Amino acid sequence: MTQRRDNAAVNAPFLTAALYKFVDLPDHAAWQQPLRAVCEAQGVKGTLLLAREGINGTIAGPAQGVEAVLAWLRRDPRLADLPHKASWSEHAPFHRLKVKLKREIVTLRVPGLDPTRTVGTYVKPADWNALIAQPDVVVIDTRNDYEVKIGTFEGAINPGIRSFTELPQWLAQQPALQGDRKPRVAMFCTGGIRCEKSTALLKMRGFDEVYHLEGGILKYLEEVPEVQS
């Protein structure tokens, strides 16, 4: 299927696709070389990370080439519904191709954490404002400190972390998140992947009501009118 283009992108020949999915891929190592070969054959560059817990990355190239790579990935039933975020550019954004094997597709370094099995509740961007406006919901920004400075949601807690791997320790040190009676927690990030893993962590730690912004801030800004943001 050809990716639909808006008027501003008509003359932009390069398609960029940002993608990720948490899914059990015990055979991920066997994907590395075939996936690299498909990307090279299609003139696609960028970075793709493969791990037991899924796939993550951003690729770019001619539209037909990127679509061919996405189609190749989606042939596997486990990735049949692999989502991606598309954008267009006049110049090639990447000049090299990397297909890497990793322990995690987004590094948190928490033994036993499995976001392919346990994860928080997805919240659509249209429903996010109503959720975080509730006084009993603790809202946590899971992005790094320099990203938070660009802008965040009113009332959101900034952990002040420099790296995502610092988040587990920060969460463990918050009095409001300790004790037998766990609060309702809503978490968000830029594109969805970090908050998805963060909610999996809280679920593992015994939190029942944990939510995250589906698609992250990027999806929220696409769908929610500025006057409501």
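A residue is called partly exposed when its relative accessible area lies between the under 20% of a buried residue and the over 50% of an exposed one. In this predicted model, Glu214 is partly exposed, because its relative accessible area is 27%, and Lys124, with a relative accessible area of 46%, is likewise partly exposed.

Side chains of opposite charge can pair when their charged atoms come close. The structure holds 17 salt bridges, one of which joins Glu214 to Lys124, with 3.3 Å between the closest N and O atoms. Glu214 is found in the loop between strand E9 (210-213) and H7, whereas Lys124 is found in the loop between strand E6 (121-123) and H3, so the pair ties together parts that are 90 residues apart in sequence.

The helices that follow these loops, H3 (residues 125-132) and H7 (residues 216-223), pack with their axes 8 Å apart and at an angle of about 105°, and they are therefore roughly perpendicular to each other. Pro125, Trp128 and Asn129 of H3 make this contact with Lys219, Tyr220 and Glu223 of H7, a set of residues that divides into three nonpolar, one polar and two charged.

A salt bridge is also formed by the side chains of Arg194 and Glu147, at 3.0 Å from N to O; this pair links distant parts of the chain, since Arg194 belongs to helix H6 (residues 193-204) and Glu147 to helix H4 (residues 145-148), 47 residues apart. Both Arg194 and Glu147 are buried. In the salt bridge between Arg162 and Glu166, where the closest N and O atoms are 3.6 Å apart, Arg162 counts as exposed at 69% relative accessibility, while Glu166, at 26%, counts as partly exposed.

Technical notes. Residues are numbered from 1 along each chain as its sequence is written. This is a predicted model: local features need pLDDT of at least 70, side-chain atom pairs count only at pLDDT 80 or more; totals for chains, interfaces and linings use all residues. Side-chain values use heavy atoms; hydrogens and water are left out. Axes are lines fitted to C-alpha atoms, for helices over the stretch in contact, and angles run from 0 to 180 degrees between N-to-C directions. Helices (H or I, at least four residues) and strands (E, at least two) are DSSP runs, numbered from the N terminus. Angles under 35 degrees count as roughly parallel, over 145 as roughly antiparallel, 65 to 115 as roughly perpendicular and the rest as oblique. Contact means heavy atoms within 4.5 Å. Ala, Val, Leu, Ile, Met, Phe, Trp, Tyr, Cys and Pro count as nonpolar, Asp, Glu, Lys and Arg as charged, and the others, Gly among them, as polar. A salt bridge is a side-chain nitrogen of Lys or Arg within 4 Å of a carboxyl oxygen of Asp or Glu. Buried means under 20% relative accessible area, exposed over 50%, partly exposed in between (1.4 Å probe, protein chains only).
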